[in-house]
Structure formats: structure tokens, C-alpha cells
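The exercises below are to be worked with the sequence and the coordinates at hand. Each task is followed by a solution in steps.

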Amino acid sequence: MGTNELTGMVFNIQGYSVQDGPGIRTTVFLKGCPLRCLWCSNPESQTTPKDVLYIRAKCVKCHRCVNICKNGAISYNPDLEPEGYVTVNHEICATCKDHVCVQGCYESAYEDVGTPMTVDQVMEILEADQPFFVQSGGGVTVSGGEPLLSHEFLRELFKRCKQSYIHTAIETTGYAPWDNFKSVLEYTDLALFDVKHMDPVIHKQLTGVSNELIHSNLEKVFAETKTQVVIRIPVIPGGNDTVENMQATAKFMKKIGAREVDLMPYHRMGMGKYAGLGREYPMPPGVETPPAEKINELKAVFESNGIVCHIGGNH
Amino acid sequence: MSTQVSQHAPKAPEQMPRKIKLNFDPNGKMSDRFKKEKEKLFAAPARLDVQKLQIETDVYSKWAASKSYSEIKAMIFDRLSREKKVWLDGNPICGHLTNFIYGGYIQPWRDSYWIEDDKEFALQRGVHKTTEEERKIIQECGKFWIGQNMQDRVRPIVKAKYGLDVQKLVDIGLGLNFDDDMGGMVVPCHRTVIERGLEDVLRQIACVKSKCKVYGVQAPDPTAGQVPNENTILTSVSPTSDYKKWHFLCACEVSIKALIHQAERYAALAREAAASEKDPCKKAEYEEMADRCSWVPAKPARTFKEALQAQWFITMGDWQNQCMTVHHAPMRFPQYVYANYKKDIEEGRITDEEAIEFLQFWFLKVNTQNFVMNPELAIWQQSRIAQQLTLGGLDPATGEDGTCEVDYLILEAQRRAQCPEPLLSVMYHNKLSPKFLMECVKLIRTGIGQPSFHSQEVSMKRRLLHEEGPIEDIRDQAVAGCVQSIIGGKTDGTWEARFNMTKMMEFFFSNGRDIKTGVAYGPAYGDPCECKTWEECYDRLYKYYEYWIDICRDISTLEWNMERDHPTPLGSAVTYDCVERGMDMVDGGARYNWGDGVCLAGSVDATNCLAAMKKLIFDDKSVSMEKMVAAITANFVGYEDVQNLCKKAPKYGNDDPFADELGRRLMRDYAEIHNRKPDYMGRWTITPSAYSVTAHWAFGKKTWATPDGRKAGECMTDATLSATPGTDVKGPTALIRSALKLIDPVVYGSTHFNVKFHPTALEGEAGAQKFLQLVKTYFDGGGYQIQFNCVTQETLRAAQKDPDSYRDLIVRVAGFSAYFITLCPEVQDEIVSRTCQTW
């Protein structure tokens, strides 16, 4: 396939992203992820095909959509939904090409998740935002999902960005074959690299995959590329928020030469989207954003190891 | 006609390079004394003061036949200054606008159809219920003003000439404030009062009077058909015969002496209070107050406190003459009081903490400014008096950053005090220091919506497009009015009617009728279904704009010419070059002309209407014109499918050229149509204006369904560059790119752009820096005005209760952003708890 026809399944392009790398950034979110982290705040990004989000807060329970959908993906069952909401079969949505529900709903209660975009189309938006990048030392961050699933598209996009003098960053789980990863890093200025847990067994419980490939990739990024790396740790209460785990992470970072880490406190803002996708929120009920004292305690672990530690991504 | 440059024209003071030295507690709070005074003021009931109405009615009924308008105004102010109640309270700054802590005057000469019957009178903060006694006075006086007020004089002419009833145009939401909101905004030279003192102005008046040839012949008036050349410095465009100049100058003298007399009354009171006071501390303070009031505004202020007292006296006096939102604002206040502040600090007379508290007491005085509004005005003016205080800006003499310590102190005073007025605004340029801008962010974070930012560069370009003037004047830009810019102290202030952009859509679809009432207004250009192409459709719409913009201009021009019968001698006496020219500013006495023309609201709604019409009817052909007409006429009832398509058509605010280009074309055409005629004195300095205040709400209420999917009566879009709530889905950078395209702010006299932020976006130094970089990119791209509303906990709680009114509230955290109202309740609660005001 020629580079012009390469497309990425984009589910959001967010201007003025201030937490995803230096300066004012435009974050391109790509769909598809091999991980299933329990705390994921973008569950619509996990599957690769197009999907729709059903936003209950906007639904007025008119049930017109039940008849609009030609594929029978939308149904109304008062036993399942006594409050009057409809039920959406997202497996059917994944195979649907036109999502007439999105255009057809008068209340805009359906949103498309995933639009195939070419490199040119994405570049047009990035170049329009360039004055903001120049002013602030910002650039593009590609996030997801796991953007490395679309490594060919990503490599081409970043190559074009470098030709236009746009700073490039990737926000990644690090879970991808090294060759794919490396081909992208050739044009990547900064990698925001997630390290979720040092224990492979717990890592698998939390994310669905083991951490071996991730850790070996991380070592290689330092050993074989010039890309700057910031480690990102989502701080999940009861998941990875122990001093021991942070100590182990700090040790690992020192070993490979990583010097900077962002602690990203868990938040529940993606909760509503699970309902919109017809899924259960996987985090146990009652888990809340960790208190500042807890975060500061963990921050101190890194600082005592001589590692620069930030809370959140806006720095 | 006098063309000589007066010796009294202000010389820009030589400025030394400024090194900002500050010494205040950045976490400081309101003092107990100030807090008490603030609470007292904001708890004070709104009261109507009928004394001035009685004096005004009495003077007009006795003297209208023999005295000039200037002299009558001066006589009224003279009597008020002698007869009104004066008293001292806990505020160390003396002077009360009316006989009450928070009282307002009726201005019967504007309009009075409502005062006879109304029992409740709306002030900016609160409503006054009249007593029986007051009612008798109001009714008595009201009889005199029927047929004599501006409205009663303008409307019959409009009716006779165009067959149009102005009130009907207001009722159907075509426009607002054709003839009820006028009255020469004064943007006086505060330096005159602070640095020269009013006695110096009296000497100057005597000098000009000595040169007056009272037998002079009046040259042809431009309104009689002769249009003069461009307005040039010190050249009056509207020559006045010398005996009129004589009257004007006498009126200035009387007015100034009246104000000095009022100040002396306060001095006497304070002296008495000092004599009977036992507490040595209080005694000393009363003595100081007496000292200040017997010195300013007559003589040049010697201290910072005197400068503020002088500033308040002239503002109070001018508001006693004439009150109106935006009238007599503080403008570049820090520049005016800086020399006094500096001297006090150097000589150890004041500390920064004391200066902050004194500034706050002055803020309280500003918050007593108000006036009684007619019912129409009360709908949309609400609590504003728009006393814009300009921070930052350039030093007029050097072109360097003009920011001084007082700018910082004012930001700090407002951070602690949180007063609705004055409105702090920044004249933004690239030399502003990061330290200063960070102080601005600190204030924005409190959720007060201040300061707003205005571009120095655009303001200067705008002025240069219309006026000749020395660079020192051109640089001296102040924010004035709502979101406009002027050269403070040298400019007259006239503005025209307000125009509803979307009403033209209604006329297009209904062939010239107000759909709600079915009544035809103005021309009917034909059945819209005759338009077979987009260009035909646009041309038809254009014709409606052409007719109605012209009507609005004509009514305003007529109104302003009559307004010349209501001069402002006190304000003119302190505005260059009225005294030198011997002319009131309503006659063109000021050096420059504000030229604020017909102000549009609904620019974004109109843009979205055009986008939906072109896309659905002509490009996609998904809705026929017949069906669109039917859908609009039916207010989309039974046509929900059409409304849905309308709502999903391209929208402004997403950097989508389809919508933005259509809007830009309309805005360009509006400006072109608007500028075909000069202002009421034949001056071509007039510019179209674009801001909404709350007109978008008033217009929305009266406008039928529109093709952007909005139903009849729904609110229109706030400001003139903000996106319709919920339609800007691409984030602030895309919104800013759209905003930079829609309206050319050099051609227009104003633009208005409100952006809402959740405070998490401004968290920490990094958050603030990125925010400032966003602002700078907007200004580098040629933007003029931007204002940020940082939402507070109260806002979010209100949004939870009333989601529909808060559809555009965006919350963003790492890798995530969402409209607040679409989040589930638990998450909403979490965000509310994260939004705290302790920074």
C-alpha cells in the first residue's frame, strides 16, 4: 500500500492538550489496543473497528433509533432498561459502515467512534495548529488506544511532521513488536511510556498482558534510539500504588537510564463511556482518585532515587 | 475656527525606565474595615432619588426659552450640588452620587413613557418600590417630559419618513436601543483633574473666553447638507458661532465651580467630624479627609489618596450630570495616578498594603454608580455599568511597556475584594512582562472573569485607519465601552443602535414578515422559493441586510443629532479639545471621534444559518427550499427531521472553512453596507461594532426559528466570536482559528469573544504558561479581544441542576475531555469537588 492511502482509525483529535507533553499539543487518538487496563478512561479506544457511543445523558427515550438502525443493533427491552433507555449491540455496530443512528438521532445521543483518516487529512489539522506549537514549544502527541498498532500510518505521519518541523510525541503502552516500535521512533522526539506494574503476574491481572515485552522494549528505546522518554505511571488505588512497586520501578528506571517520571492519578471520568458502550465499568466500586498525600508519598520514592517526578502531565 | 495648539494640551510625561518594586502579601485578604464596608454597600437597598428629577423639571420649565442647552445642564448641576444631601460614612473616600448609599436618578429627557405608571424602578442592582410621596413627584414631573424627551421627538419623524414604529422594531427583536440608551458617553481626561486641577481648567476657560468674538457667524452645518473633510486635529468639523461657544464656556465654569463646591461641603463635614471626635486615630483621619476635599479636585493632587479622591469626585460629578453604562470609566487609571503613588512610596507616605486598601475603597465608590433603567434596558443591561479600567498598554511617550506598580496593586486589590466593578481589562502587547501576565492569570483563576484582554496593536491600527494624530495619542489606547477601544481623554463617545443579524433570516423566509405576529415590516423582496441558486439566495438576504442596516443607521443619526440638545459641560470641560474649541463634545468638540456605529449581535448564529441553508438546500439538496420554509414557519414542529439536519450542518467554531467563509463574507458585507454613510456630524470615522452583552438573549427571545436549528424564542449565541454552546467540538485552538477569520477587528470597532475554562486547565505554573501562550497566539494571529471565564464550583452545581443552560461547559484532564453535562453524576460530583477556589 502506498503511503498516501495509509489511514489511521482516529477517534478524536484534541487541540490544546496540555498534559500530553511539552507546550500546547494536539493529541490524535487512534483506535485499537492490545491491553485491557481496568482503569482505562477511553474504553472506546480498545477495539479497532468503528463503533458508536450511546450517551444516555442526552437520550430522551423516544426510541426512534430502534427503527432507524437497519441492522437491528438497537433494541428496547423494558425488562433490561426499566428507565426507558435502549440497548445497543456494539458487535453489530462494529460491522456497520454508515452508523445512521449518529445522523438520525435528533438529540445527538449517538457519537461516531472512529473515522479513518489519511496522513494528509491529519497533517492539515496539525499544520493549522502550528502557530500554537511554535508559540509554546508544543507539537503533536499520538495516543490511543495503542498507537503502535497503526505503526505504518504513524511512521508516515511522524515523518511528515518532521518535514514540517512539528515536534512529535507518542503516548504508548510499549506493547508492540520491537521492529514496529523502532520504525516509528526514528521520527519520534518524545515517548510517554507507560509502566504500570513491575510484577508480571499482577501486570497481567491489571492489564490483560504480561510486562516482559514492555520492559524489554523500554530498555531498547534507551539503548538503541535517541528518543527522549518520560515514564508514565497511572496510580491505581489497590492496583499499583504501593511504595514497594514504585521502589522497584525506580530501580528499573535507574538501571536503564530513565530520569523522568509522571505520576498520573487515577480518575473516573471515563465511567460514563462504559455505559455508552454497553459495558460494565471494570474498576471495583468505591475506588476514588488517590489523595494528594498518597501521591506525594510515592513521588518521594522516585525523588529519593534521584529521578525527576511530576504529578500529572502538565509541566 | 480655532486651530492653534493649546498650551494646555497634556504633554506626555518623560518616563524613566520602570523597575517594578512591590511589597505586599500575595496571600493577603480583605481588611476587616473594608470587608464591613463592602458588605454594607452590597446589602444596601436600591433607592430612587427624585431630587434631581424635581430640580431638572423645575429648571427646564422655567428657563428653556432663554437659556442655552449647555447653560441649562450647568444650572441643574449647580443646584444639585448645593441642595443634595452630603454625609460621611466608613469609606475614607468622600462623595455620594445620590442621597442614598445605593441610589439612582431617573433621566426623564431620554424617555419617560414608563415613569408615570411604573411603581417599580430597576437599578443595576435591585429594584426600588416607590412610596406614595415619590409617586406624586414622579407623576407631576413626568407630565412635563411627555413629548419633550428624546424618544418622543425621534419616533414621530421615523414614523413619518419610513412608516415605521420604532417601538415595534424593538418588540419584534429587529434592534435595540434606537433611542433609549444614548447620551454622549464621556471619556474624560483624568490627568486633567489629577495633574492640573480644575482651577487650572477655569483659567483656561477664562483665556478662551477672552478671545471669543461673540458676534461671530455660524458656518454651514454639515447636517444642512455640507459634508466637511476628514476630522483633523484641532479642526472642528462642525463650526459653532461664537455666542454659542460663550454659552458653552460659561456652562463649563458653572459646572466646575459646582463640583468644587460639593467637594468643599464634604471638607466642611469632615472638619466638623474631626472637631467632635475623641478617638485620636479617627480624628486624624477626618482631618486628612477634610484636607483632601478642600484641595482636590480644585488643585493638582499631591498624594496617591488625593489622586483617587479627585478621580472619584469628577466621576461622581459627571454621573450626577448624566449617567449611563460605560460613561466616564477609569480608563488607563494606573497611568494617571502613578506619579503620585511613586512619590508617596519614595517619601514613605504610604505602603503597598495601604494603597491596596485605598484602591478597594475606591472600587466600592465605583460600585455605587448606577441609574434607573427603562423596562427595555432593564431586560438586557442587568447589573453592568462597564467601568472599564485598562491595565498594561504602552507608555504613550516611549512606546515601551507602560505597566507600573499600580497595575499590580489593582490586580491584587481585585483578587482580594472580588467586586463586580470596575471591570479590569488588559491592553495586551508583546512587551508585557511574564510576571504581570501571571498576576492576570491569578485573578482569572478566581472565576471573576477578569481581566479581559484587548490587543494594543489592533486598537492602534483601527485608529490609524480613521484618524490622523501624533503617535503619543495613537499609543494611548484604553478599553472603553464594552469591548471597544478609544484614546482616553480626547475622544467623544457616541454609539448607535443594536442590530439583530438573525432577524434577516426570518424576513427572508417569511417575505418580510415577523412570523410570530404575521405583520409585515419594511420591504418584501419575494417568495424565497424563487431562489434557485445559492447566490440568488444570498443576494436576496443581502437586500434585507442592506435595507435594515441603513434604517438603523438613519434612526441613530437622527437620534444623535437631537442628542446635541443634551450637552455635557462638565465632562466636556475635562476632555481635550472641547474648551479650546469652545464646543461641547456632542457638537464635535473632542479631538477624536469614537465612531461606534450600529452594533450587531448574532453573528455566529447568522453564520450557522448560512451554512445550514447552503449545505442542505443547495449543496446536498437534502431539504428543498419549500420544505425549509414550511419547517421554519412551523417552528420545526412536525419537521424534527429538518431541524435535526439543520443542527448537524457545519457550524462555526471548528475551523471549518465551509461555515467560517460564509460568515466572513456576511460580516464583510455588513461592514461595507454600514460604512456607506457618515455619522451624525458627517464624519467617516464611524465603524460597525460587534458585541452582544446580553442582547443575544433579548434578540433570541423575540426571533422566530432559524435554519441553524434554533427554535423560536431560544437564546442566541453569546458574544460575537464565541461558538454556539455545544457546537465547537474541536477544542479551543480550532475555535480560535475560526474566530480569527470571522470578523476583521481593524475594520470593526469591536469584537467579543468569551471562552470558558475549567480551572484545571490553568493549574500550576505550566498550566498558566500554556494558557498565556494560547492568548499570545490569538493576538499574534490578529485577534482583538478575548475573555476567559474560569468556572467556579457554583457554576458547576448550577450546571448539574440546569444542564441545558450549560451545554458548552468542557472539562479536561490528562488525555480526556468531555462536556460536563454528559458525564455521569458521580463523576460530576468528583469534578465539582476538584474545583476549588483556593489557589
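A residue counts as buried under 20% relative accessible area, as exposed over 50%, and as partly exposed in between, with a 1.4 Å probe and protein chains only. The model is predicted: local features need pLDDT of at least 70, side-chain atom pairs count only at pLDDT 80 or more, and totals for chains, interfaces and linings use all residues. Residues are numbered from 1 along each chain as its sequence is written, chains are lettered from A and ligands numbered from 1 in the order in which they are written, and side-chain values use heavy atoms, with hydrogens and water left out.

**Exercise 1. Salt bridges within a chain**

Task: Find the salt bridge between A:Arg160 and A:Asp120 and place both residues in their helices.

Solution.
1. The criterion is a side-chain nitrogen of Lys or Arg within 4 Å of a carboxyl oxygen of Asp or Glu. Over all chains it gives 64 salt bridges.
2. In the pair of A:Arg160 and A:Asp120, the closest N and O atoms are 3.0 Å apart.
3. Helices (H or I, at least four residues) and strands (E, at least two) are DSSP runs, numbered from the N terminus. A:Arg160 belongs to helix 6 (residues 151–163) of chain A and A:Asp120 to helix 4 (residues 119–128) of chain A, so the salt bridge ties together parts that are 40 residues apart in sequence.
4. A:Arg160 is partly exposed, because its relative accessibility is 24%. A:Asp120 is also partly exposed, at 44%.

Task: Treat B:Glu405 and B:Lys342 in the same manner.

Solution.
1. Their side chains form a salt bridge with an N to O distance of 3.8 Å.
2. The pair links distant parts of the chain: B:Glu405 is in helix 15 (residues 405–417) of chain B and B:Lys342 in helix 12 (residues 333–346) of chain B, 63 residues apart.
3. B:Glu405 has 2% relative accessibility and is therefore buried, whereas B:Lys342, at 25%, is partly exposed.

**Exercise 2. The interface**

Task: Describe the contact of chain B with chain A by residues, area and salt bridges.

Solution.
1. With contact taken as heavy atoms within 4.5 Å, chain B supplies 37 residues and chain A 41 residues.
2. Buried area is the accessible area (1.4 Å probe) that two parts lose on being put together, summed over both. Here it is about 3,300 Å², and carbon and sulfur atoms give 57% of it.
3. One salt bridge is found across this interface. A:Asp129 and B:Arg737 meet in a salt bridge at 2.1 Å, N to O.

**Exercise 3. An aromatic pair**

Task: Classify the ring pair of B:Phe507 and B:Tyr544.

Solution.
1. Rings of Phe, Tyr and Trp (its six-membered ring) pair if their centres lie within 6.5 Å; planes under 30 degrees apart count as stacked, over 60 as edge-to-face and the rest as tilted. The structure holds 34 such pairs over all chains.
2. For B:Phe507 and B:Tyr544 the centres are 6.3 Å apart and the planes differ by 40°, which makes the pair tilted.
3. It links distant parts of the chain, with B:Phe507 in helix 19 (residues 503–510) of chain B, B:Tyr544 in helix 20 (residues 534–563) of chain B, and the two positions 37 residues apart.
4. B:Phe507 is buried because its relative accessibility is 0%. B:Tyr544 is buried as well, with a relative accessible area of 0%.

**Exercise 4. Strands and a sheet**

Task: Give the strand order of the open sheet that contains strand 5 of chain B, and name the strands at its edges.

Solution.
1. Two strands pair if DSSP finds at least two bridges between them.
2. Four strands of chain B form the open sheet, in the order 5-13-17-18, with mixed pairing.
3. Strand 5 (175–176) and strand 18 (687–690) of chain B are the edges; each has a single partner strand, so one side of each has no neighbour in the sheet.
4. Strand 17 (residues 596–601) of chain B runs parallel to strand 18 of chain B and is joined to it by three bridges. Within this pairing, B:Asp596 is opposite B:Thr687.

Task: State how strand 1 of chain A is covered and paired.

Solution.
1. Nine of the 11 residues of strand 1 (residues 7–17) of chain A are buried, so the strand is mostly covered.
2. Four bridges join it, antiparallel, to strand 7 (residues 115–118) of chain A, where A:Thr118 stands opposite A:Thr7.
3. Five bridges join strand 1 of chain A, again antiparallel, to strand 2 (residues 25–30) of chain A. In strand 2 of chain A, A:Arg25 is the bridge partner of A:Ser17.
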